[in-house]
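Student: I would like to learn how to read a model like this one. Please take me through it feature by feature.

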Amino acid sequence: MKIAVEGCCHGELDKIYETIELLEQKNNIKVDLLIICGDFQAVRNKSDMQCMAVPAKYQEMKTFHKYYSGEKKAPILTIFVGGNHEASNYLQELPYGGWVAPNIYYMGYAGVIQVGGVRIAGCSGIYKGHNAQKGHYEHPPYTEDTKRSAYHVRALEVFRLKQLTRPIKIFVSHDWPRNIWKYGDVHELLNRKPDFQKDIDDGRLGNPFHEELLYHLKPEYWFAAHLHIKFPAAVQHESSNGQSKVTKFLSLDKCLPRRKFLQVLDIPHDSDKPINIELDAEWLAILKSTNHLLNLKRADKYLPGPGGRERWNFNVTKEEMNRIIEDFGGSLSIPDNFEKSVDVYNPSDRNPPAPQTMTNPQTTLLCTMLDLTDPNAVFLCKDSKYDISIDGNEDDNVGSDNDEDDDVDDDTEYESFVADSDQSLSFLSSSNADDSIMSLGVSVNVSVDEKDNPKSQNDSEEDSDEEFKAIMQKQKLEQSIDKSTSPSKSSASQSDLEDTDSEFQEITAEQKAKRQLQLTSDRGHVELALPGSDDEELASLIAEQKKFQTVPDISVEDTPSLTSQDTIPLSQSSPASSGERSDSEVVIATSGLVLGEDKEGRKRSDGSESEESPQSKKLRVKRRNQSLYESGSEME
């Protein structure tokens with residue numbers, strides 16, 4: 001199954017579909033599914049425009065209204081998560097997901113669906129700490145504050161996603177996971193986006209909730225947008241049984257000329273299942289069992305956890321899943337039950353009505369079947385089972401909701417990402433030859449007239465799977481240098497990717513030669529290594545790594561309930577200066593990283609070393625690793 005992934009949509013559906021059509025014709029392929037990573041802008045009419053928190057210069061109808069009205073129909077099955085530029089009134093009608101137009105599906109505040117047997121999870125919105133524990137209290141008519149807080153991620157959605165125990169193939173979000181920059185080419189990122197340096201220094205680049213989910217769910221792919229730049233990364237996880245797993249992260253740009261906003265993947269799927277959307281039994285069971293935790297008030301409400309009297313583990317059993325399937329008549333396929341609920345766009349309408357709180361038939365149906373609470377029904381006093389009376393704390397911890405600086409509306413044009421017309425698509429195999437990524441990130445502003453006479457752009461990018469493999473290989477080579485200059489440093493556990501492609505081997509050999517020229521460098525890094533090589537030196541290195549693995553310092557302050565078993569074992573040392581590395585390097589720790597205080601021998605916040613002896617450090621690390629990997633217990 002070929003899946004196209006789009007960064008920020010910003011209402012440009014016509015251009016996105018036309019670009020995909022051009023790619024299909026040019027490369028003789030058929031795209032089966034389109035995933036959009038937020039800022040979708042499902043604006044149906046001028047009333048919806050009043051509910052979208054964007055600067056005045058970006059208040060344009062764009063093209064979604066054509067698909068809502070029926071003037072056009074999406075040519076490809078499309079799913080999306082919400083971002084921070086949305087018609088929040090419309091999306092709030094579908095808190096658990098639903099069709100916003102024929103063949104276009106919104107995943108809700110958070111959700112899990114299956115398409116052709118491929119399990120896809122998603123989380124909408126962006127992170128603001130002062131709203132994280134609040135309820136979804138916002139509804140039309142909005143104030144300037146509430147039309148922004150409406151798209152802030154709430155802890156309940158993260159709590160529910162962390163109840164999942166079955167594998168997730170793809171995770172979709174708008175925000176990046178916090179600290180994901182450590183696993184890609186941070187120097188190239190800062191070269192393109194130098195303003196990110198301050199957020200990196202302050203530990204604010206990315207969403208701490210998504211960081212939790214990344215380490216907990218360990219999806220094979222994670223796609224995001226929001227920051228308007230293409231950024232690949234590869235994150236290795238160590239599972240409890242010692243097997244390693246890799247998450248391939250990719251953020252994409254917004255739909256503009258000469259920007260890297262689209263990627264096409266070839267993902268194995270169940271050939272016995274049609275390419276349509278099915279609800280997920282495990283997720284439906286989680287929604288049903290946690291409905292009592294729903295908060296629709298402005299006051300903070302903290303979720304249950306270990307040590308309390310209230311139930312906090314809602315992992316789903318097979319029996320619960322079977323009951324859900326039975327309740328749905330044996331099929332979880334989503335019916336085509338889209339209905340228009342408001343007037344379509346009228347350009348001559350100069351006085352649009354004020355937006356109103358409305359229920360949606362799709363939400364009403366799902367809530368009836370699962371006995372869930374429909375927030376909009378509560379606000380309209382149609383559901384007396386939920387009490388939304390003021391509890392006296394609604395103004396506590398209220399922060400500023402001015403998020404105009406949360407999106408980078410930079411219109412700079414970068415070089416194109418379309419392969420030249422005489423270049424065939426490159427498929428580089430990983431451990432599974434079918435699990436390759438195909439580079440089709442198009443940066444061309446395609447119109448209907450241009451489709452019959454497409455023009456190729458300047459330069460092409462390498463296959464995205466090759467990019468991920470190159471990242472892993474660079475991490476391995478840098479780890480090799482670290483071991484030769486500072487043997488006490490450790491790396492994360494190993495990947496199961498194989499270096500089988502001859503072209504890839506030539507590239508990595510050249511990279512290794514270049515890296516050997518920098519053996520005199522005394523800069524430290526946080527590294528990952530790539531196994532599968534026959535190199536004896538690397539085999540020895542891997543053996544050494546097992547002896548000295550440590551766990552990173554991750555701030556529990558900003559990441560509620562994040563435990564060490566959810567994290568990736570990494571070492572932290574002095575950051576490298578971006579001016580002293582070549583563009584091809586991937587340096588995981590960068591300048592300005594503020595390390596937490598450590599009384600046991602790592603870096604202090606002022607950058608100085610504590611006075612722990614090498615012998616005591618080795619003993620401490622050994623004891624901690626034994627506790628973690630042999631007993632399987634959690635580290636506090």
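**Confidence first**

Tutor: Residues 517-535 have pLDDT (the predictor's confidence in each residue, from 0 to 100) under 50, and the model gives them 70 contacts (heavy atoms within 4.5 Å) beyond four places in sequence. This is a predicted model: local features need pLDDT of at least 70, side-chain atom pairs count only at pLDDT 80 or more, and totals for chains, interfaces and linings use all residues. Residues are numbered from 1 along each chain as its sequence is written, and side-chain values use heavy atoms, with hydrogens and water left out.

Student: What is the average pLDDT of the chain?

Tutor: Where pLDDT is low, the predicted coordinates should not be read in detail. Here the chain averages 74, and 62% of the residues score at least 70. Over residues 392-398 the pLDDT is below 50; that stretch has eight contacts beyond near neighbours in sequence.

Student: How many disulfides does a search of the whole structure find?

Tutor: A disulfide is a covalent bond between the sulfur atoms of two cysteines. The search takes a pair of cysteine sulfur atoms within 2.5 Å. It finds zero disulfides. For Cys37, the nearest cysteine sulfur belongs to Cys8, 8.0 Å away.

Student: Is Cys37 buried or exposed?

Tutor: Buried means under 20% relative accessible area, exposed over 50%, partly exposed in between (1.4 Å probe, protein chains only). Cys37 is buried because its relative accessibility is 0%. Cys123, also at 0%, is buried.

Student: What span should helix α1 have?

Tutor: Helices are DSSP runs (H or I, at least four residues), as are strands (E, at least two), numbered from the N terminus. The expected span is 1.5 Å times one less than the number of residues. Helix α1 (residues 13-27) has 15 residues, so 21 Å is expected; its end C-alpha atoms are 21 Å apart, which agrees. Buried residues of α1 include Leu13, Ile16, Tyr17 and Leu23. Among the elements they pack against are β1 (2-6), α3 (64-69) and β12 (262-266). Asn28 follows α1, with a positive phi near 55°.

Student: At what angle do α10 and α11 pack?

Tutor: Axes are lines fitted to C-alpha atoms, for helices over the stretch in contact, and angles run from 0 to 180 degrees between N-to-C directions. Helix α10 (residues 281-289) and helix α11 (residues 318-327) pack at about 95°, axes 9 Å apart. They are therefore roughly perpendicular (65 to 115 degrees) to each other. Leu284 and Lys288 of α10 are among the contact residues, as is Ile324 of α11.

Student: Which residues does Leu370 touch?

Tutor: Leu370 touches Leu284, Lys288, Ile324 and Phe328, not counting residues up to four places away in sequence. Leu370 lies in helix α12 (residues 361-370). Leu370 is buried, at 1% relative accessible area.

How values were computed. Parallel < 35°, antiparallel > 145°, perpendicular 65-115°, else oblique.
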